[in-house]
Amino acid sequence: MKRHLINLSLALLMLSPTIAEAQSQRDDAFKQKYQLKEAVVLSRHNIRSPLSDSKSTLGRMTPHKWHDWSAAKSELTLRGGVLETEMGQYFRKWAVDAGLFPENYVPTADDLNVIANSMQRCIATAQYFTSGFMPVGGVVVNHRYTPSKMDPLFNPQLTKVSPAFIEEANRQINAMGGKEGMRGINKNIEPNYQLIMEVMDVDKSPMAKDNDPELAAFTNYDTEVVFEKFKEPSLKAGSALKELNSASDAFILQYYEEPDTLAAAFGHDIDRNDWTRIANIKDTYQNVLFSAPIVATNVAYPLVRYMYDELMSPDRKFTFLVGHDSNLAALAAALGVEEYELPDAIERKTPIGSKIVIEKFVDADGNEYADMNIVYQSVDQLREKQLLDLDNPPKIYQLSISGLEKNADGLYDMQDLLKRFETAMANYEAIPAE
């Protein structure tokens, strides 16, 4: 199956004016004007194996064998560990160059705070990152529970659910699909559903051979979102978005892990744009569940409050929090980050291992400013395990926050950003309770 389509990632990279490589963004003139005082980082874990194994529905969707993963289901893979170590090494070079830490610094509890969700893939990501970031620092990765349990800090659960909340959440989610609501959302990505089923050869799968009733889900666009207190927002089983999301997730991970692109696509000759379309199913799933403003405000509240406290801490220099794509998506939506699509990525919002980085700067007069970027490894950096340094940095994409103005150097007034955090917390308090 050959598609002669424009490489969407390359096209966006050429058109986007907001992406900047690290050192061209922070040139000598900038460094003379502003001193980096602190960075607060919220990271997604790096490459893991799929959440379901080949014996599950995922395995029955296709006649092909999924990649032979180097880790048990849902756990960080060996490649994920290597890539995260490389990311940590880049952050070390960046922090030294910015004057935040000297080379081979041994931090104190006041300087550095590292917290991971108590899932194996998050704890392992933090361990690999810190081994690259401060290899002689003896950094302790803090996590609340023994693996693998969800920490309330990172658990994107709803803590306020009422009829009024559900009504507003559904209104905001349905608006994403226009007049047809949820069916409109599904129809918008119907070609992507058809592509992923073609690449999986669903028509030759065990499901098809057994005439499994579950096949009907792949063409069911009546998706229903379920809201329950102390649980993540979820989709009711039996819809295309719910069931094909797991296949999209597995394909993305397989593409990162498998060096043979033909093998990664089960022998189908597809291009980078097709991979972006496959990943778009998962991006849509995430948007539906975590990007509606009232839902994002609800589930992101613990992280919003924690990151606010870290930004207010007078002695903190670097905070590293490791969670999930849902955490990054909800935080961005809760703070009012404007719509964006990342170039050189097939996951266009929160790629594997990506990090939202908030930098705090101070000028010669003591005035504080902030910048907010998402830092991520490009598809080629992920697939080729490229070494990262100041000459070959990860991709850095500047995020814009609706309603806040940047100065001539692209920075926000720190007080404006802190007020946005306060607004997000106030919005949470205003959510109707039971």
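1. In this predicted model, the largest pocket is lined by 31 residues, and those lying nearest its centre are Arg48, Leu51, Glu232, Asn245 and Tyr285. The elements that contribute two or more residues to this lining are helix 4 (57-60), strand 4 (234-235), helix 11 (240-257), helix 13 (272-290) and helix 15 (325-335). The volume of the largest pocket comes to about 730 Å³.

2. As to the chemical character of that lining, its residues divide into 11 nonpolar, 11 polar and 9 charged. Anyone setting up a calculation on the pocket may wish to keep this division in view, together with the five residues listed as nearest the centre, namely Arg48, Leu51, Glu232, Asn245 and Tyr285.

3. Helix 11, which is among the elements giving two or more residues to the pocket lining, has 18 residues that should span 26 Å at 1.5 Å a residue, and its end C-alpha atoms are 26 Å apart, in agreement with that expectation. Of the 18 residues of helix 11, 16 are buried, so the helix is largely enclosed by the rest of the structure.

4. Strand 7 (residues 368-376) is likewise mostly covered, with 8 of its 9 residues buried. Strand 7 pairs with strand 6 (residues 355-363) in the antiparallel sense over 8 bridges, and within this pairing Val362 has Glu368 of strand 7 as its bridge partner. The two strands, 6 and 7, form a hairpin with 4 residues between them, and in the turn Gly366 has a positive phi of about 90°.

5. Strand 7 also has bridges to two further strands, the first to be described here being strand 8 (residues 395-398), which runs antiparallel to strand 7 and is joined to it by 4 bridges; here Asn373 stands opposite Gln398 in strand 8. Strand 9 (residues 412-413) is joined to strand 7 by 2 bridges, again with the strands running antiparallel, and Tyr369 stands opposite Asp413 in strand 9.

6. A separate point concerns Gln172, which has its place in helix 7 (residues 163-175). Gln172 has a relative accessible area of 16%, and because this is under the 20% limit, the residue counts as buried. When residues up to four places away in sequence are not counted, Gln172 touches Ala292, Pro293 and Ile294.

Terms used:
Residues numbered from 1 in each chain as written. Predicted model: local features only at pLDDT ≥ 70, side-chain atom pairs only at ≥ 80, totals over all residues. Heavy atoms only, no water. 1 Å grid on protein atoms, 1.4 Å probe; cavity = no way out; pocket = protein on both sides within 12 Å on 5 of 7 lines; lining within 4 Å. Points joined across faces, edges and corners; volume = space filled by probe spheres on them. Nonpolar A, V, L, I, M, F, W, Y, C, P; charged D, E, K, R; others polar. Expected span 1.5 Å × (residues − 1). Buried < 20%, exposed > 50% of the residue type's maximum accessible area, 1.4 Å probe, protein only. Pairing = 2+ DSSP bridges. Contact = heavy atoms within 4.5 Å.
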